[in-house]
Structure formats: C-alpha cells, structure tokens
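Me: I would like to learn how surface patches and pockets are read from a model. Please take me through the pockets before the patch.

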Amino acid sequence: MLTVTHNGKVYANWEAADLIRADVPQAAIGAAAKAAAEGEITRLANGWRAEVASASPGKLMEWLFKGQIAADPASADPAELALLDREAAARGLDRAALLAEITAKAAAYRRIALLIGALEAETKAAIAAVPDGAADIETQVNTALGTAKAQAEAAFAEAAALINGGS
C-alpha cells in the first residue's frame with residue numbers, strides 16, 4: 001500500500017495499480033514505492049538488531065568486557081581473570097575453554113551486527129538505484145527486500161545456536 005500526493009490530492013494506502021488507473025504518474029508511484037521500501041528495510045534492520053540485542057543492557061556490557069578480556073588475557077586485570085576463573089569452574093570449564101567460548105560468541109555477535117549494517121546499506125542502495133519511472137519498480141523493490149530478508153534469515157540461523165545457546 002502506497003501513499004502518494006499528486007496535484008494536491010493525497011492518495012493514502014493505495015495499490016500501485018489503482019494509482020495508475022487514477023492517472024498518477026509512474027514516477028510518483030515509483031518514488032512512493034521506493035520510500036515505502038526504504039522504510040521497510042529500516043524497520044527490518046532495527047528488528048534484526050533488536051533480536052541480536054535481546055539480552056539486557058547489563059548482559060551486553062558483560063559480554064563486551066568478556067570479549068575485551070578474551071582478546072588480550074595477558075593484559076587483563078588479575079582480579080577480572082579470577083572472576084572468569086570462578087565462572088569457568090561453575091560451568092565445568094577451565095579458563096582457556098571459557099575464553100575460547102567467549103571469543104567465538106563475540107565473533108558471532110560482531111559478524112551478525114556488521115551483516116545487518118551491510119544488508120541495510122546494500123538494500124537501500126539497490127532500492128535507490130531503481131528508476132522512479134520503472135514499470136516494474138514494485139518487482140525490483142520487492143526483489144531487493146526479499147534478498148535482504150533471505151540473507152538475514154540464513155545468517156541468523158547460522159549464528160543462532162552460538163549466540164542464543166549460551167548465557
């Protein structure tokens with residue numbers, strides 16, 4: 001459903017075919033379709049980000065700190081390493097195993113977060129590149145959105161076990 005203003009008249013929530021029958025120019029319809037698609041990809045990307053960041057802010061900070069320690073344990077504060085040793089023991093692990101788990105999860109979070117940004121930018125660029133007057137603009141826009149959704153779903157499926165499987 002598109003909203004277009006043409007010749008001072010607002011056509012709210014109209015189908016593209018109905019807008020064409022109402023003599024709204026294809027360029028105006030195309031611009032509205034692109035604007036709606038850009039809003040949709042922003043909404044999708046924010047939803048994907050929320051899915052990744054479903055933990056509390058405090059938990060996310062904990063994982064940020066753990067990732068920093070795991071990246072350079074030799075420079076870590078001994079008191080912080082002692083706390084990680086306590087966690088490792090409670091999980092039936094040693095420090096090296098816990099640090100390896102932290103490193104793997106941090107990498108999964110990083111990759112999915114970066115992928116979301118890339119998909120959002122690529123999809124918006126693909127949508128912007130479609131000429132407003134293209135007769136098949138809805139198909140082109142929907143293809144761009146569909147590609148982004150498919151890539152995101154595949155990436156989430158790949159990362160879900162690691163990201164959501166631990167605490």
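**Pockets and a surface patch**

Reply: This is a predicted model. The largest pocket holds about 220 Å³ of space.

Me: What does rolling a probe over the atoms show?

Reply: A probe the size of a water molecule, rolled over the atoms, shows where empty space is left. In this structure, the lining of the largest pocket consists of Ala53, Leu60, Trp63, Leu64, Gly67, Gln68, Ala106, Tyr109 and Arg110.

Me: Which element gives the most to the lining of the largest pocket?

Reply: Helix H3 does, with five residues. Both H3 and helix H5 (95–129) supply at least two residues of that lining. By class, the lining of the largest pocket has six nonpolar, two polar and one charged residue.

Me: How many residues line the second largest pocket, and which lie nearest its centre?

Reply: The second largest pocket, with a volume of about 170 Å³, is lined by 13 residues; Met1, Leu2, Ala33, Glu138 and Asn142 are those nearest its centre. Helix H2 (26–52) and helix H6 (137–165) are the elements that give two or more residues to this lining. Nine of the lining residues of the second largest pocket are nonpolar, one is polar and three are charged.

Me: Turning to the surface, which residues make the nonpolar patch?

Reply: Met61, Leu64 and Phe65 make a nonpolar surface patch of about 280 Å². Phe65 belongs to helix H3, which spans residues 57–71.

Me: Why does Phe65 count as partly exposed?

Reply: Phe65 counts as partly exposed because its relative accessibility is 44%, and the partly exposed class lies between the cut-offs of 20% and 50%.

Technical notes:
Residues numbered from 1 in each chain as written. Predicted model: local features only at pLDDT ≥ 70, side-chain atom pairs only at ≥ 80, totals over all residues. Heavy atoms only, no water. Patch = residues over 30% accessible without salt bridge, like charges linked within 9 Å, V, L, I, M, F, W, Y side chains within 5 Å. Areas by Shrake-Rupley, 256 points an atom, 1.4 Å probe, with all protein chains shown as cover. Salt bridge = Lys/Arg side-chain N within 4 Å of Asp/Glu carboxyl O. Helix = DSSP H or I, 4+ residues; strand = E, 2+ residues; numbered from the N terminus. Buried < 20%, exposed > 50% of the residue type's maximum accessible area, 1.4 Å probe, protein only. 1 Å grid on protein atoms, 1.4 Å probe; cavity = no way out; pocket = protein on both sides within 12 Å on 5 of 7 lines; lining within 4 Å. Points joined across faces, edges and corners; volume = space filled by probe spheres on them. Nonpolar A, V, L, I, M, F, W, Y, C, P; charged D, E, K, R; others polar.
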